[in-house]
Structures are given as structure tokens and as C-alpha cells.
Amino acid sequence: MPLTLKDIANMVGVAESTVSRAISGKPGVSEETRKEILKIARDYNFKPNKLAQGLAKQETHILALLLPGLAEGNYSNMIENIEKIAEKAGYQVILCNTNNNLEKEKSYLNLLEEKRVDGAIILGGGIADQHIVNTKLRGNDNIVLVNRLCEEILIPTILIDSKYGSYLATKHLLNLGYENIALITGDSNDYIESEKLNGYKTALNEYSIEFNDNLVHETKGTRQAGYDSFLNLVDVETPPDSFFVTKDLLSVGLVEAIKMGGYFIPQDYPVVSYGDTIINSIISPDLTRVVEPLDYAGEMAAEVLIDLINNDKAEEEIKVLKPKLLTSESTKII
Amino acid sequence: MASVTFENVTKRFGDVVAAKDQNLEVQDKEFLVLVGPSGCGKSTDLRMIAGLEEITEGKIKIGDKVVNDVPPKDRDIAMVFQNYALYPHMNVYDNMAFGLKLRKFPKEEIERRVNDAAEILSIEPLLDRKPKQLSGGQRQRVALGRAIVREPKVFLMDEPLSNLDAKLRVQMRTELSKLHDRLQTTVVYVTHDQTEAMTMGDRIVVLKDGYIQQVDSPLELYNHPVNMFVAGFIGSPAMNFMDAKIEKDGDDYYAEGFGAFRIKVPDKFKEELKGYEEKRVVFGIRPEDLTDARITHDLDITEDNSFEAEVEVVEPMGSEIYLYLAIDEHEMIARVDAESDAEVGDKIKLGVYPQKMHIFDNETEEAIF
């Protein structure tokens with residue numbers, strides 16, 4: 001059975017509070033007693049009970065991570081990094097899948113209101129809704145948004161400039177001489193997907209190429225949707241000469257459809273995808289893709305949140321990170 | 001455009017009452033200011049209109065529709081706070097437009113709304129700029145623009161200017177008032193700053209501990225506060241309050257300050273004082289309604305409208321002087337003309353403009369007049 005504060009107190013013959021002060025380095029303990037207590041703690045490998053410490057300070061050392069869905073492969077690295085930073089700082093992370101359902105989101109935010117977690121990172125989604133705004137307005141400051149916007153108030157936010165990523169991808173194809181670039185996206189109600197459409201348009205505009213609505217396919221982001229999109233898009237009046245896909249599962253379906261049609265990538269249709277995910281990395285040929293600094297975004301979100309929890313004067317900021325383009329075989333014309 | 005109505009609205013957070021049986025009608029196109037000290041429940045009122053807080057009892061209507069169960073997004077309101085988020089990588093246009101984009105408004109409609117809002121706010125030349133290229137006032141306008149593009153029936157503003165420096169705050173006050181004239185929309189505005197309330201509101205609601213104290217135009221609040229709280233809260237420096245009792249001498253009534261002063265009550269207030277004879281009351285007089293008798297030209301100083309007090313501090317403000325005075329245990333401030341040469345330690349005679357005096361019930365703190 002592990003040693004408790006009480007055990008050490010009995011061994012040394014002092015009060016529990018004295019042992020607690022000695023171990024946490026607080027004043028009010030003579031040097032001699034402190035040394036004696038610390039020696040016993042070391043000898044018996046004493047570890048303070050985080051939960052008990054938290055109860056005393058009304059802290060739980062638990063962070064909630066609200067996710068819009070578990071199918072988002074893009075987020076797994078980010079989640080790992082959030083957990084890594086949290087663990088280092090003595091926090092555990094609980095995953096809360098909201099499935100983009102506002103009522104579920106509200107119930108998870110209640111964990112914060114009821115002080116059952118010390119802070120929350122809210123990942124993705126559309127606009128910060130009433131529950132998030134109200135949680136913050138009620139004085140629960142320990143909230144960090146990732147890739148989610150808020151119209152009314154400032155909540156510390158980490159954003160990845162996916163418009164810029166999409167701009168880079170489109171520009172890459174334009175630089176290679178392609179002008180009829182098909183864009184296959186997810187739900188444009190999602191902020192990130194709508195930003196990708198914006199980036200695509202910005203690049204076309206920069207190259208004085210008129211935006212053609214027929215070349216844009218908004219889908220549910222599934223593998224099947226990627227497959228179907230190819231079949232639909234090659235049938236339009238001015239068919240595409242290249243593809244930019246904003247989600248990895250869409251890439252799988254698209255590449256399958258292209259190959260099934262007997263076409264070659266990149267010779268017939270160069271393809272650019274979005275996200276440096278496992279799925280994108282195993283597609284053949286190797287895909288040119290937009291790489292987002294997700295690891296860094298995760299680390300940053302956790303660091304910002306932990307700072308908010310522990311520092312009353314933590315600065316509330318919006319930080320924007322830029323993606324890069326990784327060029328590979330799917331756009332390499334020999 | 002719409003009115004907002006509170007019918008017996010109560011809000012409780014556990015045992016804490018944030019709004020108690022409130023009745024209020026914000027008229028269509030009115031600029032209504034909710035003012036009160038911290039914790040008075042003004043922000044809660046705003047959030048209840050927005051639908052961010054559910055109400056415990058009563059009804060809230062926007063226009064003719066009871067909105068108790070209508071979610072915020074369907075209430076046709078837009079909120080503006082002091083602490084808004086401008087996204088550094090988006091230009092002004094996108095910072096104003098993203099909400100509409102995400103709500104799937106057609107592109108042409110978004111363009112029209114953003115351009116209209118930019119024109120109203122005079123920020124058309126800034127639409128391509130990024131937030132860091134803007135001044136504090138321009139940023140504030142972009143935040144307002146984000147609310148304007150929603151074309152709400154009611155704007156709800158919670159201390160939107162409190163982050164700005166003093167000079168900009170004064171400038172933005174005027175701009176917001178002009179904006180209200182142009183938009184012709186109902187505005188409910190929360191502030192703790194009574195000067196902001198007085199300068200901006202068509203009407204002002206003074207709140208304390210969740211209770212509505214008074215709803216009136218700025219001048220009515222100033223001239224006819226209904227109780228000591230409103231009297232003390234509105235006006236700067238605050239109204240002087242001094243313990244007194246009512247004396248009747250023949251047909252005349254006097255406010256007698258236990259030897260410190262004896263001011264005759266104007267005839268028009270006599271009726272209100274019936275029944276208060278020999279009773280304790282609180283005598284209230286605003287600093288600007290006291291005058292240095294030596295330089296008073298518009299009042300015949302007599303025994304009935306003056307008293308002596310000792311000058312403790314002299315604070316010259318340029319156009320006027322604040323005198324901090326003491327008389328027995330009473331302390332008071334007088335805002336006198338800059339001509340006054342009163343010095344610390346002087347015992348000077350102060351004139352009281354009798355029509356401006358206020359008498360409050362000692363127990364209830366309600367105004368007798």
C-alpha cells in the first residue's frame with residue numbers, strides 16, 4: 001500500500017499539514033524537519049495524490065477535449081500532442097465526442113461549469129454557438145478553440161489557415177499549367193471546408209481564371225463521395241484537367257475512380273490532396289498534399305489552456321498557423 | 001425593427017436573484033441603456049434577451065412574439081461586447097462576412113450587407129486591410145460591422161467601449177449614437193458608467209441587486225430620482241446626502257440639519273411633506289446646486305437658503321472648482337464657479353438653490369420630492 005501524508009506525519013511526529021508544506025516547498029517548516037520528511041518521502045517513493053491535491057484546490061487536473069467527430073483522421077496527431085503536453089504538466093485528458101450535436105456539446109461544457117474539469121479545448125465545427133459563448137461569459141475562462149470561430153467575443157483560439165493551404169495547392173496546379181481544376185470538398189457549413197473553397201478561389205483569381213461552379217463538388221467527405229465525384233465531374237461540359245481534394249477519404253475514392261477508368265495519375269489527371277494523414281500517405285502514387293502543422297497546433301492549444309488555468313494574467317490571443325505543400329508523384333509530370 | 005418587453009421576469013442562479021420581477025418595455029428603435037453597479041444584473045438582462053440565459057419566471061417578447069423558448073440564433077438579435085475577436089489572417093471584409101458565409105447566405109447578399117455596413121461605419125476604404133493595419137477605433141467599427149451585417153431587429157451591446165482609452169471612448173459614444181440614428185434599430189446597451197448612460201440613452205434603466213429602480217429619460221433621472229440609490233448613482237460628483245429633520249414653522253417647512261443648516265422648503269413641495277413634521281429625513285443636494293455665496297448673482301442669499309461650512313480641499317477644474325467641505329459631521333462637495341477664491345481652512349457661506357433640493361424618507365430611502 002502506498003505511503004500517505006498521514007503515515008509520514010506519524011513517522012516524523014508532526015501534523016499532516018507540516019508534511020504537506022514540506023513536500024510542496026512552502027514555508028512554515030523548520031529546515032531540519034523538512035529534510036527528515038523529504039528523506040522519508042524519497043526512501044519510500046512517496047507520490048502526492050494529485051486528486052487529493054486537486055480537491056483541496058478545487059482542481060481536477062483533468063482537461064476536456066471536445067471533438068466534432070471521431071472519424072476525423074486529421075485530428076489524431078493533434079490529439080496525441082495535446083495529451084503529451086497535458087501529461088507533462090500533470091493533467092489527464094478526456095475525449096468528448098460531440099458528433100457536431102449542440103446539446104451534446106452543451107452537456108460536455110457543463111463539466112467545465114460544474115468544475116469537474118479544469119479547462120476545455122474545443123476542436124473544429126462551425127461558429128462558436130451560444131453554449132460556448134455563455135460558458136465564457138459566465139466567467140469560465142479556461143476555454144481554447146481550435147479551428148473554430150466566434151462572432152461575439154474573444155476566446156483564445158488556434159487556427160490553421162486552411163485557406164492558405166488550399167491556395168498553395170491550387171496555385172501548384174496552376175503553375176503546372178492546369179486551368180480546369182476540380183475541387184472536391186466536404187461540407188461547406190464547416191468553417192475549414194469553406195475556407196478551403198476560399199483559398200481555391202483566391203488562387204484562381206490571382207491567375208485570372210474564372211471560377212467555374214461546375215468544377216466544385218461539395219460532398220459528405222466519404223470514400224464513396226470521392227469516387228462518385230470523379231464520375232460526375234468528368235461528365236460536365238468543360239471537364240477538369242486536374243483535381244484538388246480537401247479530405248483524405250475523398251482522395252481514396254477519387255484515386256480509385258481515376259484508376260478504374262483506366263486513367264493515369266499524374267499523366268491524365270494530377271491530384272493534390274489535403275492533410276498529411278496515414279490514409280493519404282498509403283495511396284499510390286504518393287500524393288502531393290497540403291501539410292498542416294497539426295502537431296504544433298495541438299501542443300499550442302494545450303499550452304495555452306494550461307497557461308489560462310494557472311495564470312490569471314494569461315494573454316487571450318488568436319494564433320494563426322500556416323500549412324505547407326509537400327509535392328510528390330501525383331503531380332510530377334515526367 | 002422591434003420592441004422588447006419584459007413581463008414579470010425573474011432570473012435566479014441557485015439562491016442568487018439576478019433579476020427580480022422586472023417589467024420593462026424597450027420601444028421600437030429606442031436606444032435604451034441598462035446601468036448599475038457591478039452585480040446589479042444588467043448583463044444578465046441582456047443575456048436573457050439574447051437567449052443565452054433562460055429565464056426562471058415571466059415572459060420576454062421581441063416584437064409581439066414571446067421568445068422564452070426561442071434559441072438565440074432565431075431571435076434576430078446581434079450582440080456586441082468589449083472583447084471581440086478580429087481574426088488576424090482575414091481582411092476586414094472577411095472578418096465581417098464569415099458568419100454570413102457559414103450560415104450559407106448567397107454571395108450577392110453577403111456582398112450587399114458587408115458593403116452597406118462598411119458605408120454606414122465609414123470603413124469602405126479599409127475592407128481589404130488586415131486587423132493589424134487598423135486603429136483601435138477602426139477595429140471597434142469592424143466588430144460593430146459584424147453585428148450590423150446580421151441586420152438584426154435588436155442590437156444588444158455589453159460595455160462595448162470599456163476597452164478603449166478615454167478619448168476614443170468619448171468619440172465612439174458619439175459615433176454609436178449617430179449609428180443608431182442611421183440604423184433606426186432598437187438598441188439595448190449595458191454599461192456601469194453613468195456618464196455613458198446619460199449621454200447615449202433615450203431612456204435609462206437603473207438597476208440594483210436585480211431590481212429595476214427607475215426607468216426614465218436622462219434628464220428625468222437626474223432631476224427627479226425616485227430614491228437615494230438613483231440620486232447617488234446618477235450625476236458626478238454624486239449628490240450630497242445629509243441627515244435632517246422636517247420642521248414646521250407657521251405655514252413653512254424647513255429641512256433642519258441638526259444645527260448645521262436650516263433650509264426653507266419651497267412652497268410647491270409643502271404638500272409632499274405633510275405627515276413628516278419632526279420626522280427624520282435625508283436632505284439631498286447636488287454639488288452643482290450649491291454655490292459660494294460671495295460670488296452668487298442669481299440667488300438672494302438669506303438665512304433660509306444658506307449655511308456655513310469649512311473648506312477642506314480645493315480642486316480647481318478649470319471652468320469650475322470642486323470644494324470639499326465639512327459641517328459638523330456632514331461632508332459634502334460643491335461645484336462652484338471658477339471665480340471663487342475659497343481656500344482650505346476658510347469658513348464660507350454656501351447658498352442652496354431651494355428648487356433643486358431633494359428630500360428622501362429616512363427609512364425607505366424613497367424620494368419624497
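Chain B contains 8 helices and 20 strands. Chain A, its partner in this predicted model, has 13 helices and 12 strands. The model scores ipTM 0.81 and pTM 0.83. For chain B the mean pLDDT is 94, with 100% of its residues at 70 or more. Within chain B, helix 5 has the lowest mean pLDDT of the elements, 90, while strand 10 (residues 211–216) has the highest, 98.

**Overall dimensions**

The table sets out the figures for each chain.

| Chain | Residues | Buried | Span of the C-alpha trace along the principal axes | Share of contacts (separation of 6 or more) from residues 24 or more positions apart |
|---|---|---|---|---|
| Chain A | 334 residues | 43% | about 90 × 40 × 30 Å | 72% |
| Chain B | 369 residues | 40% | about 80 × 45 × 35 Å | 66% |

Chain A has a radius of gyration of 26 Å, whereas a compact globule of 334 residues would have one near 20 Å. The C-alpha trace of chain A spans about 90 Å along one principal axis, against about 40 and 30 Å along the others.

**Where the chains meet**

In the interface, 19 residues of chain A are in contact with 18 residues of chain B. On the chain B side, strand 6 (77–81) and helix 2 (92–102) each supply at least two residues. Helix 2 of chain B gives the largest share of that side, 4 residues. By type, the residues of chain B that touch chain A are 10 nonpolar, 4 polar and 4 charged.

**Nonpolar cores**

The largest nonpolar core has 146 residues. Those with the most contacts inside this core come from both chains: A120(A), I121(A) and A301(A) on one side, L156(B) and V188(B) on the other. Helix 13 (residues 294–310) of chain A contributes 8 residues, the largest share of this core.

I121(A) shows what such a position looks like in detail. Leaving aside residues up to four places away in sequence, I121(A) touches L63(A), L65(A), I82(A), V144(A), V146(A), A301(A) and L305(A). Apart from the core of 146 residues lies another, of 34 residues, which includes Y164(A), F230(A), L233(A) and Y269(A).

**Helix 10 of chain A**

Two of the residues named for that other core, F230(A) and L233(A), are also among the buried residues of helix 10 of chain A. This helix covers residues 223–233, and its buried residues are A225(A), G226(A), S229(A), F230(A) and L233(A). Viewed down the helix axis, these buried residues fall within an arc of 140°, so they line one face of helix 10. The spacing fits a general rule: an α-helix has 3.6 residues a turn, so residues three or four places apart point the same way. The buried residues of helix 10 pack against strand 6 (181–185), strand 7, strand 8 (242–245) and helix 11 of chain A.

**Backbone features**

Most residues other than glycine have a negative phi, and most peptide bonds are trans. Some places in this model depart from that pattern.

Which residues does a cis peptide bond with omega about 10° join? The pair is I265(A) and P266(A). P266(A) sits in the loop between helix 11 (248–260) and strand 9 (271–274) of chain A. Another cis bond runs from S284(A) to P285(A), with omega near 0°. P285(A) belongs to the loop between helix 12 (278–282) and strand 10 (288–291) of chain A.

Positive phi values occur at S208(A), about 55°, and at E159(B), near 45°; neither S208(A) nor E159(B) is a glycine. S208(A) lies in the loop between helix 9 (191–206) and strand 7 (216–218) of chain A. E159(B) is found in the loop of chain B between strand 7 (154–158) and helix 5 (166–183).

Are these residues buried or exposed? S208(A) has 6 other C-beta atoms within 10 Å, and it counts as exposed because the cut-off for that class is 12 or fewer. E159(B) has 19 such atoms within 10 Å and is partly exposed, because a residue needs 20 or more to count as buried.

Definitions and conventions. Residues are numbered from 1 along each chain as its sequence is written. Chains are lettered from A and ligands numbered from 1 in the order in which they are written. This is a predicted model: local features need pLDDT of at least 70, side-chain atom pairs count only at pLDDT 80 or more; totals for chains, interfaces and linings use all residues. The radius of gyration is taken over C-alpha atoms; the globule rule is 2.2 Å times the number of residues to the power 0.38. Two residues are in contact if their C-beta atoms, placed from the backbone, lie within 7 Å. Ala, Val, Leu, Ile, Met, Phe, Trp, Tyr, Cys and Pro count as nonpolar, Asp, Glu, Lys and Arg as charged, and the others, Gly among them, as polar. The arc is that of the directions from the helix axis to the C-beta atoms. pLDDT is the predictor's confidence in each residue, from 0 to 100. A nonpolar core is a set of buried Ala, Val, Leu, Ile, Met, Phe, Trp, Tyr and Cys residues joined through C-beta atoms within 7 Å.
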